[in-house]
Amino acid sequence: MRTPIASFVVIVLVAGIPAPVRAATPADLAGAVAAHLRDGQLRTQQSRAEQRQGGPVPSVADPDPDVVVARSTDEHGFGSVVVRAPAAAGAYPLGWLFVARRAGGAWRVAVEGEPAFAELSAGSTILREDERRILGRAGERSEVGPLSVSPADRRTGMRLPYAVGQSWRYTGGPHPMNGGVRSSVDFAGGDGRVLAARAGLAYTMCGSGKGWIRVVHDRGFATDYYHLAGNIQADGRAVKEGDFLGNIGNDVSCGGSSTGAHVHFSLRRNNAYVPIDRYNFGKWVISASGADYSGSAWHGSRRVDVGGTLHNHGVLGFTQGVVDTDGGTVLNRRSGPGANHPVAGTVADGATVTVECSARGTRHVGRNGYSSDLWNKLTDGTWVSDVFLWTGTGDPVNGLCP
């Protein structure tokens, strides 16, 4: 087991990164984290693999995880733990943030995805207030207020992970980061600068300090950026949307393989990788197909297959939508919520509009058989059917009209 451990006090002066209360790491903390992972998350993964395949499979619980203790005191610990992937195509590492507290001489450890992770994070004295707030809510499946999320709500508030206005190659459609969930897509080209898709807290995952950045956002989301070159060194650094994370590269510090400099961009929700299919980034809806790495992306009725380029249109707001006429060129705007109301103008396919409120009207059918009687009142006072407006949810995005 590799456990980078400092034996002396270190003062960190990087803006936005808290200095540990004490950098001397208890000798047993890294071992406790590794043992907890092998007995918990990795054993669970082993059981699921055997259930899927109907019998014993080569053990996934045997590897010695790489534990990086980023901050610690005699009573608290925080850092990352990674199971390196073999150096093979299609192999990717597993990685978690961990938090620990010692009581009665023993460490209590939790990693992302476990209920105790939020509990321990909320009470950890070595986490900043913003970390306690975000990590302490990790795993919650909804949040209070108008931006409440449900599993069917695919609003991310994220751009593509490069500069707005640039067009990069869509080099890999939905495929896994690890396991069977197609959580990830690949991008290359442009100026090569990989940027945060949304504001959040950034963490360096690999013990080498290279290659892999995780940004934990609000609303239960997180994004991973792998294969980076020249990435930032982050231990909870607060980043804004569009902040530099690293350059596209071929780094495999945590295992796997890479051909051609690119960024492997992954989506996590409620502390687990989720299928990236039907989520929107930079006003493009990712679409999976039958095989890993294939697929397309949609901006309104415009389809771009893997190998094409995606222009980064920026963030789609939580009360906005992209017009999708399902093959047409313009969408009629009506004077009221239904096709029985007079036409009051048109709006182009692919245009971004803002919703003032919503109401029920005539039912229509749009792309992929989506059927709804929901109509959205735009800020200019006209109305469009929800089936011709991609918002990320079939529910009102800005409440019902009075």
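This is a short walk through the aromatic contacts, one helix, one sheet and the disulfides of the structure above.

Okay, so one thing up front: what you're looking at is a predicted model.

Let's start with the aromatics. Searching the whole structure turns up 9 aromatic pairs. The one I'd like you to find is tyrosine 162 with tryptophan 168, a stacked pair with 4.4 Å centre to centre and 5 degrees between the planes. Are those two buried or exposed? Tyrosine 162 comes out at 0% relative accessibility, so we call it buried, and tryptophan 168 is buried too, again at 0%.

Now stay on tyrosine 162, because that ring also pairs with phenylalanine 187, this time edge-to-face, at 5.8 Å centre to centre and 70 degrees between the planes. Where do the two partners sit? Tyrosine 162 is in the loop between helix H4 (129-135) and strand S5 (167-175), while phenylalanine 187 belongs to strand S6 (residues 184-188), so this contact ties together parts 25 residues apart in sequence. Phenylalanine 187 is buried as well, at 1% relative accessibility.

Zoom out a little and you get a cluster: ring pairs link Tyr162, Trp168, Tyr170, Phe187, Tyr225, Phe265 and Phe281. Hang on to Phe281, since we'll meet that residue again in a sheet.

Rings also show up with charges over them. Arginine 154 puts its charged end over the ring of tyrosine 279, 5.6 Å from the ring centre. Arginine 367 does likewise with tryptophan 298, and there the distance to the ring centre is 4.2 Å.

Right, on to that sheet. It's an open one with 4 strands, ordered S15-S16-S17-S18, and the pairing is antiparallel. Which strands stand at the edges? Those are S15 (280-281) and S18 (302-305); each has a single partner strand, so one side of each is left with no neighbour in the sheet. S15 is held to strand S16 (residues 284-287) by 2 bridges, with the two running antiparallel. And here's our cluster member again: phenylalanine 281 stands opposite tryptophan 284 in S16.

Quick detour to helix H1, residues 29-39. Its buried residues are Leu29, Ala30, Val33, Ala34 and Leu37. Look down the axis of H1 and those buried residues fall within an arc of 135 degrees, so they line one face of the helix. That spacing makes sense if you recall that an α-helix has 3.6 residues a turn, so residues three or four places apart point the same way.

Last topic, disulfides. How many does a search of the whole structure find? There are 2. One joins cysteine 206 and cysteine 254, with the sulfur atoms 2.0 Å apart. Cysteine 206 lies in the loop between strands S8 (200-204) and S9 (213-216), and cysteine 254 in the loop between S12 (244-247) and S13 (263-269), so the bond ties together parts 48 residues apart in sequence. Both ends are tucked away: cysteine 206 is buried at 3% relative accessibility, and cysteine 254 is buried at 2%.

The other disulfide runs from cysteine 357 to cysteine 401, S to S 1.9 Å. The torsion about its S-S bond is about 90 degrees, so this disulfide is right-handed. Cysteine 357 is in strand S23 (residues 352-365) and cysteine 401 in the segment after strand S26 (389-390), so parts 44 residues apart in sequence are tied together. Cysteine 357 is buried at 6%, whereas cysteine 401, at 22%, counts as partly exposed. Counting bonded cysteines along the chain, the pattern is 1-2, 3-4.

Definitions and conventions. Residues are numbered from 1 along each chain as its sequence is written. This is a predicted model: local features need pLDDT of at least 70, side-chain atom pairs count only at pLDDT 80 or more; totals for chains, interfaces and linings use all residues. Side-chain values use heavy atoms; hydrogens and water are left out. Rings of Phe, Tyr and Trp (its six-membered ring) pair if their centres lie within 6.5 Å; planes under 30 degrees apart count as stacked, over 60 as edge-to-face and the rest as tilted. Buried means under 20% relative accessible area, exposed over 50%, partly exposed in between (1.4 Å probe, protein chains only). A charge sits over a ring if NZ of Lys or CZ of Arg is within 6 Å of the ring centre and within 35 degrees of the ring normal. The arc is that of the directions from the helix axis to the C-beta atoms. Two strands pair if DSSP finds at least two bridges between them. A disulfide is a pair of cysteine sulfur atoms within 2.5 Å.
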